[in-house]
Amino acid sequence: MADITRRAGWRHLRSAPTAHIRHQRGGRLAHDGAGVSFWFRPRSAALSEVPVDDRELSVAFHARTADFQDVSVQSTVTYRIGDPETAAARLDFSIDPDTGAWRGTPLEQIATLLTETAQQHALDVLARTPLAQALVDGVAAVRERIRDGLAAEPRLPATGIEVVAVRVVAIRPEPEVERALRTPAREQIQQEADRATYERRAVAVERERTIAENELASKIELARQEERLVEQRGTNARREAEESAAADAVRAEAEAVRKVRLARAEAEAAREVGEARAEAQTAWLRAHAAADPAVLHALALTRAAEQLPRIEHLTLSPDVLTGLLAKLGGGNGGGTGA
């Protein structure tokens with residue numbers, strides 16, 4: 001919408017770059033172009049504003065396929081007004097000189113023209129297409145048919161309208177039919193999911209079996225290794241016992257040899273000691289045989305005295321002394337008389 005300001009009986013119009021303004025004064029064209037700005041008198045001015053930018057028009061309608069199934073079509077038509085002068089002459093794009101608003105509804109007229117034309121060509125295509133094919137290939141077919149139909153429509157260039165692009169968003173059946181069509185696909189997807197689950201479980205079971213077999217093989221190999229270890233330990237123990245027995249035998253033999261040698265040495269020493277004692281005893285007897293008996297008696301008493309306990313004090317009474325003297329005297333007399 002144009003921006004119009006008032007100033008003492010004059011009006012000032014300022015348009016956007018995407019709006020084409022036509023100003024006629026007294027039946028003659030005074031201003032013509034996009035993005036213009038000028039002063040004018042409202043009583044003598046005839047103004048029209050034609051948008052020249054690209055506009056999107058959503059087109060949604062219902063159709064029936066060849067097998068009598070209702071479908072809904074959602075599409076978008078992009079258009080622009082390529083000839084503003086022709087459009088202003090064919091459609092009412094006049095604006096109020098005080099407010100800048102359109103006096104008519106030109107864009108609604110264009111939307112009706114495009115919608116009816118697009119719907120006509122889409123219905124023609126879908127009426128000859130079964131539902132299954134329409135759901136699979138219908139989007140491309142409907143898009144091409146609408147585009148070709150709009151390009152061949154004579155009213156569009158006669159109105160200054162250019163179709164830029166056509167897009168078909170979706171073709172959908174009725175909810176009940178859509179659910180019925182989804183059921184086989186869902187069942188197939190579920191079957192695929194179940195098959196994948198079963199395969200995954202089978203793979204898991206196979207892996208568990210492989211793991212169990214590997215564990216069993218490991219245990220068997222470990223048992224074999226333990227058996228070898230026990231045999232090796234027994235062999236080592238037997239060798240150790242044999243070596244220990246051999247060492248003990250060597251030590252026993254050495255000890256026996258040592259004891260024999262020691263016994264022989266002791267016997268030899270005892271023999272030599274006995275011989276020495278015998279020689280000493282013989283010499284002693286020879287010495288005593290040649291000695292005086294009195295001397296021998298004295299030695300015997302000395303030896304006997306050595307064996308007696310020590311006497312610190314000896315008390316002799318007169319009676320004992322008299323008796324001893326008498327014995328000594330008698331003994332001397334007997335010796336003298338001999």
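**Exercise 1. Find the residue that Thr 5 stands opposite in E2, and describe the surroundings of that residue in this predicted model.**

Solution. Thr 5 stands opposite His 12 in E2, and the two strands concerned, E1 and E2, pair in the antiparallel sense over five bridges. The next step is to place His 12, which lies in strand E2, a run that covers residues 10-14. His 12 has a relative accessible area of 19%, and because buried means under 20%, His 12 counts as buried. Setting aside neighbours within four places in sequence, the contacts of His 12 are Asp 3, Ile 4, Thr 5, Ser 37, Phe 38, Trp 39 and Phe 40. With one of these, Ser 37, the side chain of His 12 makes a polar contact of 3.0 Å.

**Exercise 2. Work out the order of the strands in the open sheet of three strands, and say which strands stand at the edges.**

Solution. The order is E1-E2-E5, and the pairing is antiparallel. Strand E1 (3-7) and strand E5 (37-40) each have a single partner strand, so they stand at the edges, and one side of each is left without a neighbour in the sheet. From one strand to the next, the twist averages 20°.

**Exercise 3. Describe how strands E7 and E8 are joined and paired.**

Solution. Strand E7 spans residues 55-64 and strand E8 spans residues 70-81, and they pair in the antiparallel sense over ten bridges. Within this pairing, Glu 56 stands opposite Thr 78 in E8. The two strands form a hairpin with five residues between them, and in the turn Phe 68 has a positive phi of about 60°.

**Exercise 4. Check the length of helix H2 against the expected span, and then say what covers its buried residues.**

Solution. Helix H2 runs over residues 106-126, which is 21 residues, and at 1.5 Å a residue it should span 30 Å. The end C-alpha atoms are 30 Å apart, so the two values agree. The buried residues of H2 include Ile 110, Leu 113, Leu 114, Thr 117 and His 121. Among the elements that cover the buried residues of H2 are E7, E8, helix H3 (131-152), helix H4 (155-158) and strand E9 (161-173).

**Exercise 5. Classify the aromatic pair of Phe 93 and Trp 102, and state whether each residue is buried or partly exposed.**

Solution. The structure holds two aromatic pairs. One of them joins Phe 93 and Trp 102, with 6.1 Å centre to centre and 70° between the planes, and it is edge-to-face, because planes over 60 degrees apart count as such. Phe 93 is buried, with a relative accessible area of 1%, whereas Trp 102, at 30%, is partly exposed.

Technical notes:
Residues numbered from 1 in each chain as written. Predicted model: local features only at pLDDT ≥ 70, side-chain atom pairs only at ≥ 80, totals over all residues. Heavy atoms only, no water. Pairing = 2+ DSSP bridges. Helix = DSSP H or I, 4+ residues; strand = E, 2+ residues; numbered from the N terminus. Buried < 20%, exposed > 50% of the residue type's maximum accessible area, 1.4 Å probe, protein only. Polar contact = N/O pair within 3.5 Å; in protein donor to acceptor, adjacent residues only side chain to side chain. Contact = heavy atoms within 4.5 Å. Expected span 1.5 Å × (residues − 1). Axes fitted to C-alpha atoms, helices over the stretch in contact; angles between N-to-C directions. Phe/Tyr/Trp six-rings, centres within 6.5 Å; stacked < 30°, edge-to-face > 60°.
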